[in-house]
Amino acid sequence: MFGEFDFHLLQVQYLKGAMDQIPAFHPQGMTPAQVQAQYEGGLAVRVDFQTKTATRNLARGEMLEKQADAHRAATGIYGVMKVRYRKEPRALEAIAKLPTKDQTVAETTIRVEAMSSLWGQLPNDPFIDPPAPFVAWGGMDKAAFDAKLAALKDAQSAFVRADESYEMAQGDLHAKDEELADLAAACLAEGRAQFPTGTPEREVIDSIPTAPSTQLPAQAEITVAQSPAPGRVHLEYTATHATSYDLLHKGPGETEFTIVADDVIETAYDVDDLAAGEHEHKVVGQNSRGSGEESQIEGVMVKET
C-alpha cells in the first residue's frame, strides 16, 4: 500500500541531503528546511492514515462481533418462540414470517428489529402461570434482546464514522503522494539543468533514486567497523539495492540489540560518548520493496574516554 508513497518520501529525503551538500542548489527557491518540512509533512500524513486504518479495523471487528452476538440470540429465540406459541395460530403465523436469513450487518439488523417489534406484540407466554410476557430463557427477556440490537447499531454507527475518517485520510495520502512526487520530479529536473554532467554537484543530484526498487536489498555488509578515538565508533556499510538503512547496537553488558538509527540514507555512521568495552552492531538495508537480511555482527572494542 505504501510502496509508491514511501519511495516519494525517500526521494524528498535524498533531495534534502543533496541540498545540504550543495549550497548553491535551491530548487524552486526552497531551503533545506522547507524540503525537510515537506518530508515531515508526508510522514505525518502516513501516520494519520495508519492510525485511521487501525481505528477502522477495530471498529469493523467490534461491529462484526456485535452482529454475531445478535445473530446467535435471534436464532435461538426464534426456535424457542415457535415452540412456546405452537398452539397459538395467530402468533405462530407471525413468528413464521420473521426474516431468518441474515449474513450482512444490515440483514442482521433488520432481522433483530423485526423480532423485537413482534416480541412487543406477542400475547403472554401460554406456558407461564401466572400469565407473563414471553422470556426466551433466563436473562433473555425483550429488554436484554433490545440491548443487543442497540449495541449492534452503536457499533455500526462507530464503524461508519471510522470508515469516513479512513476515506478522508486515504484521500489525504493520495494528495500528499502526488505533491511529493511532483516536488521530487521538478527538483531533479532543475538540478540537472543547473549542474552539467561530470560535475561533483551533478553526481550528487544523479544519486537521487528515480524509480522504485524492483527487488529486496541484498544482505547488508559492514565494510568498516572501528574505534578511531576513545568513546567513538565509526561504521561504514552497504547493501545492493538498498536506499536506506537501520542500524542496531548492543553495548557492554546488554543482552539485546536495539535500533539506534533508522531509515538513514547515509552509508556511514559515527557515534561518540560510548562506554568502554565491546560494542556490537548490525545493519539492515531497506528500499520500497522491504527489508533485506541483517548484516553479520561486527564488534568494536571501545576505550574509555
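In which helix does Asp177 lie? Asp177 belongs to helix α5, which covers residues 142–194.

## Basis of the model

The model is predicted, so local features need pLDDT of at least 70, side-chain atom pairs count only at pLDDT 80 or more, and totals for chains, interfaces and linings use all residues. Residues are numbered from 1 along each chain as its sequence is written, and side-chain values use heavy atoms, without hydrogens and water.

Helices (H or I, at least four residues) and strands (E, at least two) are DSSP runs numbered from the N terminus.

## Surroundings of Asp177

Asp177 is buried, that is, under 20% relative accessible area with a 1.4 Å probe and protein chains only. Asp177 nevertheless has no salt bridge (a side-chain nitrogen of Lys or Arg within 4 Å of a carboxyl oxygen of Asp or Glu). The nearest side chain of opposite charge, Arg46, is 9.7 Å away; Lys and Arg count as positive, Asp and Glu as negative, and His and the chain ends are not counted.

Apart from neighbours within four places in sequence, Asp177 is in contact with Glu4, Phe5 and His8 (heavy atoms within 4.5 Å).

## The sheet and strand β5

An open sheet of 3 strands follows the order β1-β2-β5, with antiparallel pairing (at least two DSSP bridges between two strands). Its edge strands, β1 (221–226) and β5, each pair on one side only.

Strand β2 (residues 233–238) joins β5 over 4 bridges in the antiparallel sense. Leu235 stands opposite Tyr269, and Glu236 opposite Ala268. Side chains alternate along β5 (residues 268–271): Tyr269 and Val271 point to one face and are buried, whereas Ala268 and Asp270 point to the other and are not.

Key
Buried means under 20% relative accessible area, exposed over 50%, partly exposed in between (1.4 Å probe, protein chains only).
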